[in-house]
Amino acid sequence: MFPKGPQLAGLFVLAYLAETMFRTAGLALLLCLVSISGLSQTHYIPSVQDVEAIYSAAQTTYVDLHEHPELSFHEVETARKMADGLRKLGYEVTTGVGGNGVVGVLKNGNGKTVLIRTDMDALPVPEKTGLPYASKVMVKDDAGHDVPVMHACGHDFHMASWLSTATLLSQNKNRWRGTVVMIGQPAEERVAGAAAMLKDGLFTRFPKPNYAIAIHDSAQFPAGSVAVVSGFTAANADSVDITIYGKGGHGAAPDKAVDPIVLAARIILSLQTIVSRETNPLDPAVVTVGSIHGGTKGNIIPDEVKLELTIRSYKDEVRTHTIEAIQRICKAEAMAVGAPKEPEIKVKETVHATYNDPDLSARLTASLKKSLGNERVVKGDPIMGAEDFSEFGRTGVPSVIMWIGAADPQKLAQSKQTGIPLPGTHSSLFAPSMPDSLKTAIRAESTAAFELLDQP
Ligand SMILES: [Zn+2]
Ligand SMILES: [Zn+2]
């Protein structure tokens, strides 16, 4: 017997109520589980007040480092300041790792090991910022020339944030478990310091990290913001020096000579076909001839011409192909003009592309959003600049470098309107916009550190 109209409607209502109750109970249970697991997975996030409490020390460190910059491989006083700073905070400090490198280890029970890197070197740039603490330092460089020195890449800023992060970790040992390895890396501008520290036993003499993090300031983003680029974020960089040989003679008798200037011109144009004709259009690459020197006078054909190139790429195979293509084109063009000798080609200062581990990038982006708010964690694009922080990631350690906004927000907005770019890193006019930029750096770097360490 089938239920009649009203009975049927009643049954439907009962069934509907039962299902709704079941769903509600299920949802409540689910929410309960989420909140419990959420509680157990909430890593400590340093507050605005935490950063304010240590900011004046960070500012003093920054100003002192800015006034006293040191060139790559000469970071002696800077390294001493970093080592002293860590020692006072209770870190076990080793100096002279891979040159002037500093390693500070803070063990705090069982848990993950997190490496936090700052670079320490400055650049031979004359400071023109007009800041009250602008550098007036002049030194003799390795070639014996008098050169000005400036923290034009913000490594002073990175060190101030790094020591502040070390401070927050040491002040809040009850809020994390694991091991922190703070490293002060020399010679980043020569892309040599990271490799030197690794070669000197960074991962064998000291705890090998589960994760490595670093920051770099950027004039592309407004002060107060941070950007994490997932995947490739900076490029492979190779310098290539080429000497092209010809046969010198009188400028009025080119038939008696082999003109290396014309040969150099042919080579430079042919090199431009590597990226435009040989490389997969979806794989970024750059071949720039940044320097050409040859000859002394208009009526003399010289014996040789020297070229200096920078080569950029992301993928290893693109890098290898580009260098092989440069060698092939140079040799072939020299043969085409009957040069007396093959060009000499030297590849140097190799640094690998910086790859931000995608899972780690997503995890850190989420925790930075919790710490700073969604709107201050901005989207960044990969660049063809280079960073030797890549070397730590190349060993298999998941790594992320975060870009810290350094531009005055109003000036950045103006520059976007006018199309006139703001002075960026390596410019004699570059300076991070204080205090927002440094405060954000400290919050971002320390948030990332607490996120990756274990909880008590
Ligand atoms: Zn730089
Ligand atoms: Zn730099």
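These exercises work through two zinc sites and one helix of a predicted model.

**Exercise 1. Find the protein donors of the zinc ion (ligand 1) and classify the site.**

Step 1. List the donors. They are Cys153 (SG), Glu189 (OE), Glu189 (OE) and His426 (NE2), at 2.0 to 2.6 Å from the ion.

Step 2. Check the angles. Among the 4 donor atoms they run from 54 to 147 degrees.

Step 3. Compare with the cut-off. Four donors count as tetrahedral if all angles lie between 85 and 135 degrees. The site of the zinc ion (ligand 1) is irregular.

Step 4. Place the donors in the sequence. Their spacing is C-x35-E-x236-H. The pair Cys153 and His426 links distant parts of the chain, 273 residues apart. Cys153 sits in the loop between β5 (146–148) and α4 (155–171). His426 sits in the loop between α10 (409–418) and α11 (436–452).

**Exercise 2. Decide whether Cys153 and His426 are buried, partly exposed or exposed.**

Step 1. Recall the limits. Buried means under 20% relative accessible area, and exposed means over 50%.

Step 2. Take Cys153. Its relative accessibility is 6%, so Cys153 counts as buried.

Step 3. Take His426. Its relative accessibility is 41%, so His426 counts as partly exposed.

**Exercise 3. Describe the zinc ion (ligand 2) and find the residue that coordinates both ions.**

Step 1. Name the ligands. Cys153 (SG), His155 (NE2) and His216 (NE2) coordinate the zinc ion (ligand 2) at 2.1 to 2.3 Å.

Step 2. Read the spacing. Along the chain it is C-x1-H-x60-H. His155 lies in helix α4, and His216 in strand β7 (residues 211–222). These two histidines are 61 residues apart and link distant parts of the chain.

Step 3. Check burial. His155 and His216 are both buried.

Step 4. Look for the shared residue. Cys153 coordinates both the zinc ion (ligand 2) and the zinc ion (ligand 1). The two ions are 3.1 Å apart.

**Exercise 4. Test the span of helix α2 (residues 48–67), then describe its bend and packing.**

Step 1. Work out the expected span. The helix has 20 residues, so at 1.5 Å a residue it should span 28 Å.

Step 2. Compare. The end C-alpha atoms of α2 are 27 Å apart, which agrees.

Step 3. Locate the bend. α2 bends by about 50 degrees at Ile54.

Step 4. Find the buried side. Buried residues of α2 include Val51, Ile54, Tyr55 and Ala58. Also among them are Tyr62, Val63, Leu65 and His66.

Step 5. Name the partners. The buried residues of α2 pack against α3 (76–88), α4 and α11.

Definitions and conventions: Residues numbered from 1 in each chain as written. Chains lettered and ligands numbered in written order. Predicted model: local features only at pLDDT ≥ 70, side-chain atom pairs only at ≥ 80, totals over all residues. Heavy atoms only, no water. Donors = N, O, S within 2.8 Å, 3.2 Å for Na, K, Ca; no water. Tetrahedral: all angles 85-135°; square planar, octahedral: opposite > 155°, others 65-115°. Helix = DSSP H or I, 4+ residues; strand = E, 2+ residues; numbered from the N terminus. Buried < 20%, exposed > 50% of the residue type's maximum accessible area, 1.4 Å probe, protein only. Expected span 1.5 Å × (residues − 1). Bend = angle between axes of the 7 residues up to and from the residue. Contact = heavy atoms within 4.5 Å.
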